[in-house]
Amino acid sequence: YWHTCDVCMISANVSAFSIGKAVGRGGEVPMSWQYSGTSFSVVSQDSLPKGITWDGTYFWLAGDGTNTVYRYDSGGTYTGFSFSVITPYDITFDGTYLWVLTSSDRAYKYNLSGAYQGFNFYFGAQDGSPQGITWDGTHLWLVGRSTGSAYKYTTAGVYTGTSFSLASEEIRPEGITWDGTHFWVVGYATIAVYQYTSAGVYTGVSFAVTQGETLPTGITWDE
């Protein structure tokens, strides 16, 4: 499932879709066949959620408004656990560690107890406006708004030289996730989600989140 976190001045929700989860700022997302009808509020913790990930047990929300990462159970209940990160833009889980992408153009490594592991790497050489990060089982992929592209990195923070453009579909990508077979990218220029192969080829599959959602900012897969 997807979840879209819709944040407005009054409420913030993570909303489930039939194929995944996305996080964003705006209003309610009454999707047609994609929206599952399931959602949970995060407004009590942060009114400016920027990214979301799933670790197999919990959701982790990157809150830009409070400079904090928050943990939720599978039912969407805040567990009371959080840790501080300055201007977190997105978050992903690699099976062992959390990686938090920040506005400093760097990705920082944390354990599940929220302890910084003393390692980070710079993304700005590829794109100076980092927005999304995901894990494909082997590598980290980072999305940048300036170039409208996704870039492949090792966990040692080394750029592999592999990238693919999203610009034909979305010039302002906000988040990326991997479902085990495909990448999914959400953006707010078109306010839609797009599917790509593992080689970065657009499959032609997409869906809009325009019905009430105007600023989608992140996406994750929970299965």
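The legends below describe close-up views of a predicted model of one protein chain.

**Figure 1. Overview of the predicted protein chain, which has 21 strands and zero helices.** The chain has 223 residues, and 54% of them count as buried. About 8,300 Å² of the protein chain is exposed, with carbon and sulfur atoms supplying 49% of that area. Among contacts with a separation of 6 or more, 41% join residues 24 or more positions apart.

**Figure 2. Model confidence along the chain, with two segments where pLDDT stays under 50.** The average pLDDT of the protein chain is 84, and 81% of the residues score at least 70. One of the segments under 50 covers residues 4-11, for which the model has 41 contacts beyond four places in sequence. The other covers residues 25-33, and here the model has 44 contacts beyond four places in sequence.

**Figure 3. The largest nonpolar core, built from 12 residues.** Its aromatic members are Trp 141, Phe 164, Trp 178, Phe 183, Tyr 194 and Tyr 196. Val 143, Ala 150, Leu 166, Ile 176, Val 185 and Ala 192 complete the set. At least two residues of this core come from each of strand E14 (140-144), E17, strand E18 (183-187) and strand E19 (192-196). E19 supplies the largest share, three residues. Elsewhere, a second, separate core of 11 residues includes Trp 99, Leu 101, Ile 133 and Tyr 151.

**Figure 4. Surroundings of Val 185, a member of the largest nonpolar core.** Leaving aside residues up to four places away in sequence, Val 185 touches Leu 166, Ile 176, Ala 192, Tyr 194 and Tyr 196, among others. Its contacts also include Pro 173, Gly 175 and Val 193.

**Figure 5. Glu 174 in strand E17 (residues 173-178).** Which residues does Glu 174 touch, not counting those up to four places away in sequence? They are Lys 50, Gln 131, Gly 132, Arg 145, Val 186, Gly 187, Tyr 188, Pro 216, Thr 217 and Gly 218. Glu 174 counts as buried because its relative accessible area is 0%, under the 20% cut-off.

**Figure 6. Two of the 24 aromatic pairs in the structure.** Tyr 108 and Tyr 116 form a tilted pair, with 5.9 Å from centre to centre and 55° between the planes. Tyr 116 is partly exposed, at 38% relative accessibility. The pair of Phe 123 and Tyr 151 is edge-to-face, with the centres 5.8 Å apart and the planes at 70°. This second pair links distant parts of the chain, its members being 28 residues apart. Phe 123 lies in the loop between strand E12 (116-122) and strand E13 (130-135), whereas Tyr 151 belongs to strand E15 (residues 149-153). Phe 123 is buried at a relative accessible area of 0%, and Tyr 151 is buried at 9%.

**Figure 7. One aromatic cluster that includes Phe 123 and Tyr 151.** The other members of the cluster are Trp 99, Phe 119, Phe 121, Tyr 153 and Tyr 159. Trp 99 and Tyr 151 also belong to the second, separate nonpolar core.

**Figure 8. Ala 125 in the loop between E12 and E13.** Is Ala 125 buried or exposed? Ala 125 counts as exposed because its relative accessibility is 62%, over the 50% cut-off. Ala 125 and Tyr 159 are 34 residues apart in sequence, and their C-alpha atoms are 9.4 Å apart in space.

**Figure 9. Charged side-chain ends over the rings of Tyr 58 and Tyr 97.** The charged end of Arg 71 sits over the ring of Tyr 58, at 4.4 Å from the ring centre. For Lys 109, the charged end is placed over the ring of Tyr 97, and the distance to the ring centre is 4.3 Å.

**Figure 10. Positive phi values at Asp 105 and Ile 191.** Most residues other than glycine have a negative phi. Asp 105, in the loop between strand E10 (98-102) and strand E11 (106-110), has a positive phi of about 70°. Asp 105 counts as buried, at 12% relative accessibility. Ile 191 lies in the loop between E18 and E19, and its phi is near 55°. Ile 191 is buried, with a relative accessible area of 16%.

Technical notes. Residues numbered from 1 in each chain as written. Predicted model: local features only at pLDDT ≥ 70, side-chain atom pairs only at ≥ 80, totals over all residues. Heavy atoms only, no water. pLDDT = per-residue confidence, 0-100. Contact = heavy atoms within 4.5 Å. Helix = DSSP H or I, 4+ residues; strand = E, 2+ residues; numbered from the N terminus. Buried < 20%, exposed > 50% of the residue type's maximum accessible area, 1.4 Å probe, protein only. Phe/Tyr/Trp six-rings, centres within 6.5 Å; stacked < 30°, edge-to-face > 60°. Lys NZ or Arg CZ within 6 Å of the ring centre and 35° of its normal. Core = buried A, V, L, I, M, F, W, Y, C linked by side-chain atoms within 4.5 Å. Areas by Shrake-Rupley, 256 points an atom, 1.4 Å probe, with all protein chains shown as cover.
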